[in-house]
Amino acid sequence: MTYQAEIHAQPNISATTTDLVTVSQYLLDLLCQLAYKEGDFVLSSGQRSSYYINGKQVTLHPQGALAIGRILLSMLPLETQAVAGLTLGADPIVSAVSVVSAYENRPIPALIIRKEAKGHGTRAYIEGPSLPESAKVVVLEDVVTTGQSAMKAVERLREAGYTVNQVISLVDRQQGGAEFYQQAGLEFEAVYTIKEIQERYRQLANQ
């Protein structure tokens, strides 16, 4: 299905009015149609896999980003003062949540964590608004495998003096990430497990 055909085939997702059950089903279908692929792949962790999820196909999709912002905002604790994530995968996610939060009168700034310190100016690892000391930040991720990527963001934020107790991912590949976060004393939630995506992928393929 082409990009334009897919856009017209899906329902319109409102920034504030569409119910979250509908938004969640829409996002699941979008992940299955655009992001999930089967084949022979090497992951960033070095592991080989029979499938791959290219989250940016959805996180950079206009309606996909809106759906992501709606869903993840609803999962954030009320005391959340910012969302953050490791570049590049989390950049559109934290941005989407921040923009949607403004529409829902719950403004939450976004922070982007560099993999290496900026080579000029402030030489900072963290880009975004300055927050109060010990501000409560939730780390967001597109796909969690081992959990190491988001953990880098957690460590950088804590080094900067922020409080980080939770990681939320769009997809959990169920390959040790959740257990890793639990051992590190972090709460972890995922919008979808890989089993849910694969099940829906096969349903759509048979329609």
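**Figure 1. The whole chain and its surface.** The protein chain exposes about 10400 Å², with carbon and sulfur atoms supplying 49% of that. What you're looking at is a predicted model. Eight helices and eight strands make up the secondary structure of the chain. Out of its 207 residues, 47% count as buried. If you take the contacts with a separation of 6 or more, 65% of them are between residues 24 or more positions apart.

**Figure 2. Helix 2 and its N-terminal cap.** Here we zoom in on helix 2, which runs over residues 20-35 and has 16 residues. From its first C-alpha to its last it reaches 21 Å, close to the 22 Å expected at 1.5 Å a residue. Which residue caps the N-terminal end of helix 2? That's Asp19, which has a side-chain oxygen 3.2 Å from the backbone nitrogen of Val21. Plenty of side chains to look for along the way: the buried residues of helix 2 include Val23, Tyr26, Leu27, Leu30, Leu31 and Leu34. Asp29 and Cys32 are buried too.

**Figure 3. The largest pocket.** About 620 Å³ of space lies in this pocket. It is lined by 29 residues, and the closest to its centre are Ser44, Glu141, Asp142, Val143 and Ser149. Which strands and helices should you follow to trace the lining? Strand 2 (48-53), strand 6 (136-144) and helix 6 (148-159) each supply at least two of the lining residues.

**Figure 4. Thr80 in its loop.** Find the loop between helix 4 (62-75) and strand 3 (82-86), and you'll find Thr80. Is Thr80 buried or exposed? It counts as buried, because its relative accessibility is 10% and the cut-off for buried is under 20%. The side chain of Thr80 reaches the backbone oxygen of Pro77 at 2.8 Å. Further along the sequence, leaving aside neighbours within four places, Thr80 is in contact with Ile108, Lys136 and Val138.

**Figure 5. Ser98 on helix 5.** This view picks out Ser98, which sits in helix 5 (residues 91-103). At 19% relative accessibility, Ser98 counts as buried, since buried means under 20%. Which residues does Ser98 touch, not counting those up to four places away in sequence? They are Ile108, Pro109 and Ala110. Ile108 may ring a bell, as it also appears in the Thr80 view, in contact with Thr80. Val83 is worth finding as well: Ser98 and Val83 are 15 residues apart in sequence, and their C-alpha atoms are 7.7 Å apart in space.

Definitions and conventions:
Residues are numbered from 1 along each chain as its sequence is written. This is a predicted model: local features need pLDDT of at least 70, side-chain atom pairs count only at pLDDT 80 or more; totals for chains, interfaces and linings use all residues. Side-chain values use heavy atoms; hydrogens and water are left out. Helices (H or I, at least four residues) and strands (E, at least two) are DSSP runs, numbered from the N terminus. Buried means under 20% relative accessible area, exposed over 50%, partly exposed in between (1.4 Å probe, protein chains only). A polar contact is a pair of N or O atoms within 3.5 Å; within protein, one must be able to donate a hydrogen and the other to accept it, and residues adjacent in sequence count only if both atoms are side-chain atoms. Contact means heavy atoms within 4.5 Å. Accessible areas come from the Shrake-Rupley method with a 1.4 Å probe; for residues, only the protein chains shown count as cover. The expected span of a helix is 1.5 Å times one less than its number of residues. On a 1 Å grid over the protein atoms alone, a cavity is a set of points where a 1.4 Å probe fits but cannot get out, and a pocket is an open set with protein on both sides within 12 Å along at least five of seven lines; lining residues have an atom within 4 Å of a point. Grid points are joined across faces, edges and corners, and a volume is the space filled by probe spheres set on the points.
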